[in-house]
Amino acid sequence: MSQYILSIDQGTTSSRAILFDLQGNIHATRQQEFPQHFPASGWVEHNPEDIWSSVQQTCDAVMAEECGDRGEVVAVGITNQRETTVVWDRETGEPVYNAIVWQDRRTASYCESLKSEGLESWVNSKTGLLIDPYFSATKIRWILENVAGVRERAERGELVFGTVDSFLLWRLTGGREHRTDATNASRTLLFNIHSQKWDPELLELFGIPESLLPEVMDSADQFGQITHGGALNGTSVLGVAGDQQAALFGQTCFGIGMAKSTYGTGCFLMLNTGDKALQSEHRLLTTVAYRVNGKPTYALEGSIFIAGATIQWLRDGLQLIRDACETEPLAEGTPVDHGVYLVPAFTGLGAPYWDPNARGAIFGLTRDTGIKEIVTAGLQSVCYQTKDLQKAMEKDGIRPVNLRVDGGMVANNWVLQFLADILGARVDRPSIVETTALGAAYLAGLEAGVYKSLEELAELWRCDRNFEPVMTKEDRDKLYDGWIQAVQKL
């Protein structure tokens with residue numbers, strides 16, 4: 001009988017269920033988009049019921065198509081959009097407010113007030129993070145302070161908080177398990193990455209009752225048996241990781257200095273630093289890469305808020321293209337030095353700028369500028385932002401010279417060649433680019449005993465294609481200087 005691991009990949013714009021065999025090959029996949037809500041400038045929300053419904057439907061569809069016998073599924077893994085914040089009733093599971101998405105900037109002024117009090121270095125020393133609306137703590141506080149009756153209910157112990165993984169686990173187990181893993185916990189601004197525990201001083205700073213918080217588990221662990229998951233009932237969730245950490249795991253970047261970059265809605269460059277939590281001097285984040293057998297492995301991370309979402313905006317907002325696949329031939333017919341720079345600061349700028357108030361702009365427009373130049377500039381913006389992260393890591397003493405890439409955008413060969421050129425580094429695309437879901441599957445399989453070690457998992461990684469830089473340093477520097485000038489004009 002064939003055996004499989006099912007991954008729930010709950011992302012920012014869609015949910016997916018992917019069925020992997022034990023060699024990491026995809027046997028079935030289903031994806032469902034769900035609505036985005038923008039109630040005010042810089043605000044981004046999801047209806048948690050839309051998230052739950054999309055997860056249920058994609059899982060049921062995959063099981064019906066490929067795997068009629070749930071006994072063939074040895075484990076379930078969950079990977080999720082990180083930092084997105086849900087607060088719900090401990091008994092009924094009913095959310096008290098929409099999920100506040102990681103992109104949301106509504107708490108920017110509160111974050112500025114904390115920074116003006118000189119608290120950022122203290123918070124950073126505990127969490128590895130910066131004080132920014134990106135992370136969960138200020139979102140939780142906003143819900144407690146701004147939704148009628150919620151503060152009182154939370155103080156009485158009637159409510160719970162979770163990132164999306166916790167919310168899904170609670171629903172899948174019928175409310176029996178309120179848990180998260182160390183990678184998701186490390187993105188909340190409430191978790192001490194050195195002690196690996198929720199930090200009482202941080203809870204006091206943000207005014208958050210400890211009773212709201214989930215139990216923190218290893219990334220490969222016994223999270224709970226599914227009882228409300230339709231065809232998955234009777235199976236167990238054995239692996240959980242935030243999407244970027246899951247991608248690092250799926251890319252088998254287990255050695256110190258190995259790096260991956262994921263190009264989904266945002267872009268996230270993560271570099272394995274082993275058992276040392278390196279403190280960045282250039283506004284990168286220190287985070288838990290994964291925790292296995294009680295031992296945390298750390299990473300240095302640069303987070304870009306808008307990557308693939310730029311292409312989505314070119315398609316849906318400006319309607320310059322009908323489909324993302326049209327971008328590659330448009331870029332191939334455009335000189336790389338066309339003079340247009342698109343800075344997609346739609347919800348602020350992430351690392352290394354951390355400017356929540358920045359907004360997007362297009363520079364260098366002339367009468368000759370057309371659709372192909374603007375589309376190409378959108379693709380290049382993703383690569384320039386990756387260069388920003390590479391430069392910051394270089395200043396911190398570690399320069400990624402070889403990058404394993406994944407996410408929806410890496411199907412575009414033009415993007416990966418330009419990325420290699422602008423970085424001056426080799427870029428490797430794996431045979432299986434769904435590495436976020438694969439990482440969750442690998443974690444679940446590790447806990448299930450399907451895989452015996454990280455070394456065994458590393459043997460499963462396969463390269464589809466390498467992209468070597470061919471651009472001269474002079475041309476690379478000239479293009480990148482134009483980008484820096486564009487950012488400075490915001």
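**Close-ups of a predicted model**

**View A. Tyr134, a buried loop residue.** Tyr134 has a relative accessibility of 0%, so this residue counts as buried, the cut-off being under 20%. Keep in mind that this is a predicted model, here and in the other views. You'll find Tyr134 in the loop that runs between helix H3 (120–127) and helix H4 (136–146). Setting aside neighbours within four places in sequence, Tyr134 still has a long list of contacts: Arg82, Glu83, Trp102, Arg105, Lys139, Arg187, Phe268, Leu285, Glu301, Ser303, Phe305 and Trp354.

**View B. The annotated binding site and the largest pocket.** According to UniProt (an unreviewed entry), the annotation "binding site" covers Arg82, Glu83, Tyr134, Asp243 and Gln244. How does that fit with the pocket? Arg82, Glu83, Tyr134, Asp243 and Gln244 are included in the lining of the largest pocket. Within this set, Tyr134 is in contact with both Arg82 and Glu83, and Gln244 is in contact with Arg82.

**View C. A closer look at Gln244 in helix H9.** Gln244 belongs to helix H9, which spans residues 243–250. Because its relative accessibility is 4%, Gln244 counts as buried. Leave out the neighbours within four places in sequence, and the residues in contact with Gln244 are Arg82, Lys260, Thr262, Phe268 and Met270. Phe268 should look familiar, since Tyr134 contacts it too.

**View D. Ser186, tucked into a loop.** Ser186 sits between helix H7 (182–185) and strand S10 (191–192), in the loop that links them. Is Ser186 buried or exposed? Its relative accessibility is 1%, so Ser186 counts as buried. Look for the Ser186 side chain reaching the backbone oxygen of Thr183, at 2.7 Å. Beyond residues up to four places away in sequence, Ser186 touches Thr127, Leu129, Phe191, Ile193, Gln245, Thr287 and Val288.

**View E. An open sheet with seven strands.** Reading across the sheet, the order is S17-S18-S16-S15-S21-S22-S23, with mixed pairing. Strand S17 (285–292) and strand S23 (463–467) are the edge strands; each has a single partner, so one side of each has no neighbour in the sheet. On average, neighbouring strands here are turned by 30 degrees against each other, if you ignore direction.

**View F. Zooming in on the S17 and S18 pair.** S17 pairs with strand S18 (residues 295–304) in the antiparallel sense, over seven bridges. To get your bearings, find Arg291, which stands opposite Pro296 in S18.

Key: Residues are numbered from 1 along each chain as its sequence is written. This is a predicted model: local features need pLDDT of at least 70, side-chain atom pairs count only at pLDDT 80 or more; totals for chains, interfaces and linings use all residues. Side-chain values use heavy atoms; hydrogens and water are left out. Helices (H or I, at least four residues) and strands (E, at least two) are DSSP runs, numbered from the N terminus. Buried means under 20% relative accessible area, exposed over 50%, partly exposed in between (1.4 Å probe, protein chains only). A polar contact is a pair of N or O atoms within 3.5 Å; within protein, one must be able to donate a hydrogen and the other to accept it, and residues adjacent in sequence count only if both atoms are side-chain atoms. Contact means heavy atoms within 4.5 Å. UniProt positions are given in the numbering used here, feature names are shortened, and annotations may be inferred rather than shown by experiment. On a 1 Å grid over the protein atoms alone, a cavity is a set of points where a 1.4 Å probe fits but cannot get out, and a pocket is an open set with protein on both sides within 12 Å along at least five of seven lines; lining residues have an atom within 4 Å of a point. Two strands pair if DSSP finds at least two bridges between them. Axes are lines fitted to C-alpha atoms, for helices over the stretch in contact, and angles run from 0 to 180 degrees between N-to-C directions.
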